[in-house]
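Hi everyone, thanks for making the time. I'd like to walk you through a structure, so let me put it up on the screen.

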Amino acid sequence: MLRKMIAAAAMLLASASFNAASAEDIVLASANPMTGNSAQFGQYKVRAIQLAIEQANAAGGIDGRQIRLVVQDDQGNPKEAALVAQRIVSDDSVMAVLGHWNSSSTLAALPIYDKANIPVVTDSINRKISGASRWSFRVEPTDLQQAEQLSGYIVDTLGYKKIAVIYANNDYGQGLATAFADALSKRGIELAAQDAYLEGATDFTPQISNVQQAEPEILFIIGYYREGALIVQQAQRLGLELPILGSDGFTTQELIKLGGAAVEGVVFPGFFFPNDERFPGSLEFVSAYEAKYGEKPESYGALAYDTTNMIFAAMREKGVSREAIRDYLEQMDGFSGVTGSHKFNADHDTEVRIILLTVKDGEIVLAGKQL
Amino acid sequence: MVDYLLQQLLNGLVIGSFLALMTVGFSMTYGVIRLANFAHGDIGYMMGVYVAVSAYFAGVPIALALVVGLGFAALLGLVVVRVAYKPVFFAPRLVMLLTTIGVSIFLENLAMVIWGAQARPFPVPVDNPFIKVGSVRLFLLQGVVIAVTVLLAISMHVLVHHTRLGKSMRATAEDMETAKIMGINVNRVVYGTFLLGTFLGSVAGILAAVYYNSISPLMGFTPTLKAFCIAVLGGIGSLPGALVGGVLMGIVEALGAGYIHSGFRDGFAYLLLFVFLVFLPNGLFGKSRERA
């Protein structure tokens, strides 16, 4: 009994002091994949968020308060994402959530944040997120927007009509694949082949043989970098020689580490690239990021950096509260960040456009042909 | 048309060979102590590869590094059985099962802590020439994978049925208590089985890492699940069953994906298991033990 009481008292004391220490800080939460098959994106995001926080703290914080990040790992898994969301909403000090990255995770977690009235800024693309919650915002074009832009790129810019798709069988892949097929059929083109795979798979030869059978002019792979690198390598092995377009899940240096020479020339959409100088502040961001982490930032890091600064701007302008952040984001009229100018529409989606990137000599560079 | 069928058959044969090799090791321990070791893919398949790759990065020549990986995996199998499984040998089945899942989660997370969560390429590019048969390309590595699988399955079959160790393995499988009374060192048999089984698992892992040029801390999970299905499908503890079942499952996957729908590829594999469970519950080569 005595031991129990001491333990309880100690716990109370510990939690009290914990609260006292953190009451001063402004807390943001990152809910992204830190392990699992899309871990790289979560790490890019967290690094960029932490950089933005460090810069804001060095400049005196917000209203004299320091900012602190709580990093949660949703493993890119919707089941885990729901648990992570529960954990986050049980903490009243969290002002906003940055995440989730995977569409399936965002869809699983959104209702929980919505109920708790916490602003969430996601970079998942599935269309079901549009207008799903008054509290959620999206900084990346939806799958419908991307499908429209990419089908235009393939058909009008590149001039291909026989197109095959291999997609990941999850909310992200299915969403983009159907949107893409619809966008093509509006242009009077039917897909030559359409094959699916399970995220986490290693062998894609049956799918690639199917594609090969259809003799397409271009292959569009919808998925994440790990599977993307494997599909490209196996396609080459099977003698499938054709241009390959990847989806935004390819947009990482990791694709090159995994795919090596095989991914040279593969084109994929993104929002930022390591030597991007299109927008003011980009160069400073790149050099600060490189100084801190020893490598250059990429699309999702840059987006997360902008998102974090957007939330800071909201708190500076409207005050430190969840409502204030939501109101600011809703009314924001062109926030200029390193990935361009952001503004949310009635569905809380962004109007940022994709750029096309490619791998050249082991580096991610702007593709020769743009939209 | 024929070329397409041949290509899909070859795709299936390679997928199936990996599955079969995985199952041979899995099935041995499953057969001897009735333990569906869900950490099989983590102990051998995954840890063996990671240790080999680490050894390579530490400056060990690649051939030697692979041997180090294989040896480490076999020893790890021994350690796991001694530390984690031995205490629950005589506990209810469910406890053992849960223990193996616990070990699996532990090893996967350990690997993530040590080596990071990301997938990595295999560090040494391997020359992989091919010959053309019609429009189908036959690669050297595919031949190696198939040959190693068949060879190891046959030698394990010979070991189990024509050696003294094999005899004691079968006796232990039949009835551990009676085997002990007959003077068989049951512990040694169990440890030996694990050592061998894990070794085979890590051969499969290293071949897969080289062939697919990819390693990740979670690489052992799905193959283990499939190995379990194949072990049931081929007949528990049956090594020819593991071989035939694995290849069957690989080909069903490839043809199902090729001719019906690729979205259900793994679905076809598990459907096959379902059909077997309903119509042939003892598997292809299994004999009913429950009656004994």
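Let's begin with a small detail: in chain A, the hairpin made by strand 13 and strand 14 has 2 residues between its strands, and there A:Asp361 takes a positive phi near 50 degrees. Please keep in mind that this is a predicted model. The two strands of that hairpin, strand 13 of chain A at residues 355–360 and strand 14 of chain A at residues 363–366, pair in the antiparallel sense over 4 bridges. If you want a pair to click on, A:Thr358 stands opposite A:Val365 in strand 14 of chain A.

Now to a sheet in chain A. In what order do its strands run? This open sheet has 5 strands in the order 2-1-3-4-5, with parallel pairing. At the edges you find strand 2 (67–73) and strand 5 (136–138) of chain A, each of which pairs on one side only. On average, neighbouring strands of the sheet are turned by 20 degrees against each other, if you ignore direction.

Let's zoom in on one pairing. Strand 3 of chain A, residues 94–99, and strand 4 of chain A, residues 120–122, pair in the parallel sense over 2 bridges. Here A:Leu98 stands opposite A:Val121 in strand 4 of chain A. And which helix packs on the sheet, touching strand 1, strand 3 and strand 4 of chain A? That would be helix 11 of chain A, residues 299–318, whose direction makes about 160 degrees with that of strand 3 of chain A.

Let me zoom out to the domains. Chain A is assigned a domain 1, covering 2–140 + 279–342, and a domain 2, covering 144–270. Taken over C-alpha atoms, the centres of domain 1 and domain 2 of chain A are 31 Å apart. As for how they meet, 13 residues of domain 1 of chain A are in contact with 18 residues of domain 2 of chain A. On the domain 1 side of that contact, helix 2 (39–58) and helix 4 (103–116) of chain A each supply at least two residues. The largest share of that side, 3 residues, comes from helix 4 of chain A. By class, the same side of domain 1 of chain A has 3 nonpolar, 8 polar and 2 charged residues.

Over to chain B, and a pair of helices there. Helix 2 of chain B (residues 40–57) and helix 9 of chain B (residues 221–234) have axes that come within 9 Å and cross at roughly 130 degrees. Because of that angle, helix 2 of chain B counts as oblique to helix 9 of chain B. Is the crossing left-handed or right-handed? Helix 2 of chain B passes helix 9 of chain B in a right-handed crossing. From helix 2 of chain B, the residues B:His40, B:Gly41 and B:Tyr45 meet B:Phe221, B:Pro223, B:Thr224 and B:Ala227 in helix 9 of chain B. That contact has 4 nonpolar, 3 polar and no charged residues.

Last stop, the contact between the chains. It takes 25 residues from chain B and 29 residues from chain A. On the chain B side, helix 1 (2–33), strand 2 (136–139), helix 10 (239–260) and helix 11 (265–279) of chain B give two or more residues. Helix 1 of chain B gives the most to that side, with 5 residues. By class, the side of chain B that touches chain A has 11 nonpolar, 10 polar and 4 charged residues.

That's my tour, and I'm happy to rotate anything you'd like to see again.

Terms used:
Residues are numbered from 1 along each chain as its sequence is written. Chains are lettered from A and ligands numbered from 1 in the order in which they are written. This is a predicted model: local features need pLDDT of at least 70, side-chain atom pairs count only at pLDDT 80 or more; totals for chains, interfaces and linings use all residues. Two residues are in contact if their C-beta atoms, placed from the backbone, lie within 7 Å. Ala, Val, Leu, Ile, Met, Phe, Trp, Tyr, Cys and Pro count as nonpolar, Asp, Glu, Lys and Arg as charged, and the others, Gly among them, as polar. Domain bounds come from an automatic or database domain assignment. Two strands pair if DSSP finds at least two bridges between them. Axes are lines fitted to C-alpha atoms, for helices over the stretch in contact, and angles run from 0 to 180 degrees between N-to-C directions. Angles under 35 degrees count as roughly parallel, over 145 as roughly antiparallel, 65 to 115 as roughly perpendicular and the rest as oblique. A crossing is left-handed if the near helix is turned anticlockwise from the far one by less than a right angle, and right-handed if clockwise.
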